[in-house]
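Subject: Structure handover

Hello,

Here is the structure I promised to pass on. Please open it first, then read my notes below.

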Amino acid sequence: ADPMRTLVHGTTEPGGAFRFRGLPGAAFRVDVHRQMGKLYGVARNVRAPNDEMVIRLEAPVELRGRISCAGWRGAYQGEIRSGSHRAKIAPDGTFTLGNLRAGLLHLRWRVGRFEVADLGEVRAPASDLVLAVPALWTD
């Protein structure tokens, strides 16, 4: 079996210990998350067999802000997306994208299947972020 395609799931014991058995002698990436995705941890290039590994879990962060579109009249709608993360946009343009890993995120504004705007990259966590979008049409 290709070690890069090996997928092993497990649960931790009380105190956080875990053990994977029967892995080939290769380098692995180990991702750990708490149920409901509340904490994250990643270890890369872990060699098997390995006697001990420590993964520190990071608390999730959120991105709070609003869309500001030149010439926009009316309520905002749709959602902000970053990968599999989504946040509904309130009528006033505000949104909260939560349960994220800290770092750079690429954001998109979508309404249904239509992409309204590619919002580029932002760094999470952030609050009071204003995502300025040029006028989408002219009168």
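One open sheet has 3 strands in the order β6-β3-β9, and its pairing is mixed. Strands here are DSSP runs of E with at least two residues, helices are runs of H or I with at least four, and both are numbered from the N terminus. Two strands pair if DSSP finds at least two bridges between them. At the edges stand β6 (94-100) and β9, each with a single partner strand, so one side of each has no neighbour in the sheet. From one strand to the next, the twist averages 30°. That angle is taken between N-to-C directions, from 0 to 180 degrees, with axes as lines fitted to C-alpha atoms.

Before going on, a word on the source. This is a predicted model: local features need pLDDT of at least 70, side-chain atom pairs count only at pLDDT 80 or more, and totals for chains, interfaces and linings use all residues. Residues are numbered from 1 along each chain as its sequence is written, and side-chain values use heavy atoms, leaving out hydrogens and water.

Back to the sheet. Strand β3 (residues 61-69) pairs with β6 in the antiparallel sense, over 5 bridges. One pair to look at is Val-61, whose bridge partner in β6 is Leu-100. Strands of a sheet pair through backbone hydrogen bonds, either parallel or antiparallel.

Asn-99 also lies in β6. Its phi is near 60°, a positive value in a residue other than glycine. Asn-99 counts as partly exposed because its relative accessibility is 26%. The cut-offs are under 20% relative accessible area for buried, over 50% for exposed, and partly exposed in between (1.4 Å probe, protein chains only).

Asp-128 is a second case. Phi of Asp-128 is near 60° too, again positive in a residue other than glycine. Most residues other than glycine have a negative phi, and most peptide bonds are trans. Asp-128 sits in strand β9 (residues 126-133). At 69% relative accessibility, Asp-128 counts as exposed. Asp-128 and Gly-65 are 63 residues apart in sequence, yet their C-alpha atoms are 4.7 Å apart in space.

Just ahead of β9 comes a cis peptide bond, from Ala-124 to Pro-125, with omega near 5°. Pro-125 lies in the loop between β8 and β9.

Now the other sheet. This open sheet has 4 strands in the order β5-β4-β7-β8, with antiparallel pairing. Its edges are β5 (85-88) and β8, each with a single partner strand, so one side of each is left without a neighbour in the sheet. The twist averages 25° from one strand to the next.

Strands β7 (residues 103-111) and β8 (residues 114-124) run antiparallel and pair over 9 bridges. Leu-104 stands opposite Arg-123 in β8. The two strands form a hairpin with 2 residues between them, where Gly-112 takes a positive phi near 60°. Strands β4 and β7 are joined by 3 bridges, also antiparallel. There, Ile-80 stands opposite Trp-109 in β7.

Which residues does Ser-82 touch? Ser-82 is in strand β4 (residues 79-82). Ser-82 is buried, with a relative accessible area of 7%. Leaving aside neighbours within four places in sequence, Ser-82 is in contact (heavy atoms within 4.5 Å) with Leu-97, Leu-105, His-106 and Leu-107. A polar atom of the Ser-82 side chain lies 3.2 Å from the backbone oxygen of His-106.

For the whole protein, there are 0 helices and 9 strands. Buried residues make up 29% of its 139 residues. Among contacts between residues at least 6 apart in sequence, 44% join residues at least 24 apart. The accessible surface (Shrake-Rupley method, 1.4 Å probe) comes to about 10000 Å², and 49% of that belongs to carbon and sulfur atoms.

Last, confidence. Mean pLDDT (the predictor's confidence in each residue, from 0 to 100) is 77 for the protein, and 56% of residues reach 70 or more. Among the elements, β4 has the highest mean, 96, and strand β2 (residues 40-47) the lowest, 59. Over residues 1-5, pLDDT stays under 50, and the model has 4 contacts beyond four places in sequence for that stretch. Where pLDDT is low, the predicted coordinates should not be read in detail.

Best wishes

Conventions. Polar contact = N/O pair within 3.5 Å; in protein donor to acceptor, adjacent residues only side chain to side chain.
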